[in-house]
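The following note sets out numbered remarks on one model for a colleague in computational chemistry. Please read them alongside the sequence and coordinates.

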Amino acid sequence: MSDHTLFNFVHGELLENTSGQSFDVINPATNEVIYKTQVADEFIQQKAIESARQGFATWSAMTAVERSRVLLKAVELLRERNDELAKIEVLDTGKPIQEADCVDIETGADVIEYFAGLAPAQLGSQQPVGEDFFYTRKEPIGICAGIGAWNYPLQIACWKSGPALAAGNVLIFKPSEETPRGAVELAKVFIEAGVPPGVFNVVHGAGEVGQWLTTHPAIEKVSFTGEVGTGQKVMQSAASNLKEVTMELGGKSPLIVFEDAEITEAVSAAMLGNFYTQGEVCTNCTRVYVHKAVYEEFIQELKQRTENNIIVGDPLDPKVNLGALISKKHQKLVLDYIEMGKQQGATLLTGGHAVSPSSAPDGNFVAPTVFIDCRDDMTIVKEEIFGPVMCVLAFEDESDVIARANNTELGLAAGVFSQNIKRAHRVIHQLNAGICWINSYGNSPAEMPVGGYKRSGIGRENGVETLNSYTQTKSIYVGMSQIDSPF
Ligand code: NDP
């Protein structure tokens, strides 16, 4: 047990609360308490808002180029500290260091870099109206709130702060209470880079602190990443003073493998889209539809590679490629789904149980699990599991598989494997999902907008449109002609 305590980060520094209230943060690979974190009590909440007001006054008065220069310095520092930050993410999340080392911080830094480059190029418009004219300005919204999930803590903080800050806003960010450190490290990096105090504050706590952010009248916009049910609550609270909302929610995404697909590539995609980050990725293709003509070949290769190429164990070991699930509670939830799959008649191809590897015997590990011969009405095929559990289903007909793939309330992502380019595009255009891949799965560069259809979300992250969503348009009409007044 560690006696180290992490404070909230407000106005450029770690700030102690007055209530003394704190919670434990547990390493998912050992189930040991690694540090305590102080809750954002009323004192912290009040300071965070005051500080954000001051931060906004300073930051929004700077030019976009000045802000960009500072943000690019932060990007440089993030890249310099990659290894140290990756290790922090591994201890908090349980994910393998081989992933965190090359994905979490890098893709976070990429997004800040992208928006820092984009913001100075953002233009207003001008249009004549007779002799008069109007012009528009893209102005920042003000104080925004970010609420993050636990699977990519630092990356989510970067994805929300990058566009928000580049557009001249300030952000109060609440990381998940399970993984609070990454956001604080990002806050320190911002300060060191020259971002003024109050522009990026971090507040800690569970749902109540999130709810406070979603109801506070000074906050103009909330960007949320998490479960559909929590997203609904956030929207309801945000409606109290008509805040703008962006919602990045859950998924149950289909991957469709046609008979002309390169099978080895399709198996790679299915494994990446189910076992990367031990299955705790929102875009995962947890419903893998495989054409009957290649079904046997597909599952044989899948079984062989799942059983031979996956190393479960201490996530800090660079050879390990499947880490620990975030908590004991979540491990149980995933194992309960696996039991349900067995009871409802799916065939277990491999896995299906907890694992206690010798390098980390007390961690929350679940073996990479594949169910085959699944039916669309099974609970494991319908609900997001958020663990290393893949469901394979057979199909024969193109229009039938499209209908089956779309038969869900969620619509985050989708993938198609086929060498027939007409078919690949035709099918993907008919899938109700916001993030789609053809002959690929999971890549999410800063330039590409990402977000869900249906219950999987509202709004987008990344890409040009996200910068726009962190601005409001002011129209200014300029009279050049005499006012025509009846009075
Ligand atoms: P949760 O919805 O449980 O939590 C998300 C965040 O919301 C946490 O910081 C949580 O705090 C906070 N929160 C909880 N209750 C409230 C409330 N009433 N008001 C405001 N905030 C609240 O999601 P998980 O952390 O369990 O993350 C997993 C989910 O996130 C999955 O469904 C996954 O698909 C989705 N996700 C979506 C992504 C996307 O881009 N579409 C990306 C990553 C994940 P605390 O945890 O401290 O209680």
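**Remarks on the model**

1. In the predicted model, Leu-6 faces Thr-37, a residue of β5, across the strand pairing. The two strands concerned are β1 and β5 (residues 33–38); they run parallel and are joined by 2 bridges.

2. This pairing belongs to an open sheet of 3 strands, in which the order is β1-β5-β4 and the pairing is mixed. Because β1 (5–6) and β4 (22–26) stand at the edges and each has a single partner strand, one side of each is left without a neighbour in the sheet.

3. The ligand site deserves separate treatment. Around the ligand there are 28 residues, and Gly-148, Glu-177, Thr-230, Leu-249 and Glu-384 are the closest of them. By class, this shell comprises 11 nonpolar, 11 polar and 6 charged residues.

4. Which atoms of Trp-150, Lys-174 and Glu-177 approach oxygen atoms of the ligand? For Trp-150 it is a polar side-chain atom, at 2.9 Å from a ligand oxygen. Lys-174 likewise places a polar side-chain atom 3.0 Å from an oxygen atom of the ligand. In the case of Glu-177, a backbone N or O atom lies 2.7 Å from a ligand oxygen.

5. On exposure, the ligand taken alone presents 900 Å², and the protein buries 88% of that area. Two or more residues of the shell come from each of the elements α8 (207–215), β11 (219–225) and α9 (228–238).

6. Turning to the pockets, the second largest has a volume of about 320 Å³. Its lining consists of 15 residues, with Ala-64, Arg-67, Gln-122, Lys-138 and Glu-139 lying nearest the centre.

7. What do the secondary-structure elements supply to the lining of this second largest pocket? At least two residues come from each of α2 (64–80) and β7 (132–140). The most is given by β7, with 4 residues. Sorted by class, the lining of the second largest pocket holds 7 nonpolar, 4 polar and 4 charged residues.

8. How many cavities of 30 Å³ or more are counted? The count is 2. The largest cavity has a volume of about 60 Å³. It is lined by 16 residues, of which Pro-254, Ala-405, Leu-410, Ala-413 and Asn-432 are the closest to its centre.

9. The lining of the largest cavity receives at least two residues from each of α14 (398–406), β20 (410–411) and β21 (413–417). Its class composition is 8 nonpolar, 5 polar and 3 charged residues.

10. For the second largest cavity, the volume is about 40 Å³. The lining is formed by Gly-251, Gly-279, Val-281, Cys-282, Asn-284, Thr-286, Glu-384, Ile-385 and Phe-386. These residues divide into 4 nonpolar, 4 polar and 1 charged. Glu-384 appears in this lining and is also among the closest residues to the ligand.

Definitions and conventions: Residues numbered from 1 in each chain as written. Predicted model: local features only at pLDDT ≥ 70, side-chain atom pairs only at ≥ 80, totals over all residues. Heavy atoms only, no water. Near = heavy atom within 4 Å. Polar contact = N/O pair within 3.5 Å; in protein donor to acceptor, adjacent residues only side chain to side chain. Areas by Shrake-Rupley, 256 points an atom, 1.4 Å probe, with all protein chains shown as cover. Nonpolar A, V, L, I, M, F, W, Y, C, P; charged D, E, K, R; others polar. 1 Å grid on protein atoms, 1.4 Å probe; cavity = no way out; pocket = protein on both sides within 12 Å on 5 of 7 lines; lining within 4 Å. Points joined across faces, edges and corners; volume = space filled by probe spheres on them. Pairing = 2+ DSSP bridges.
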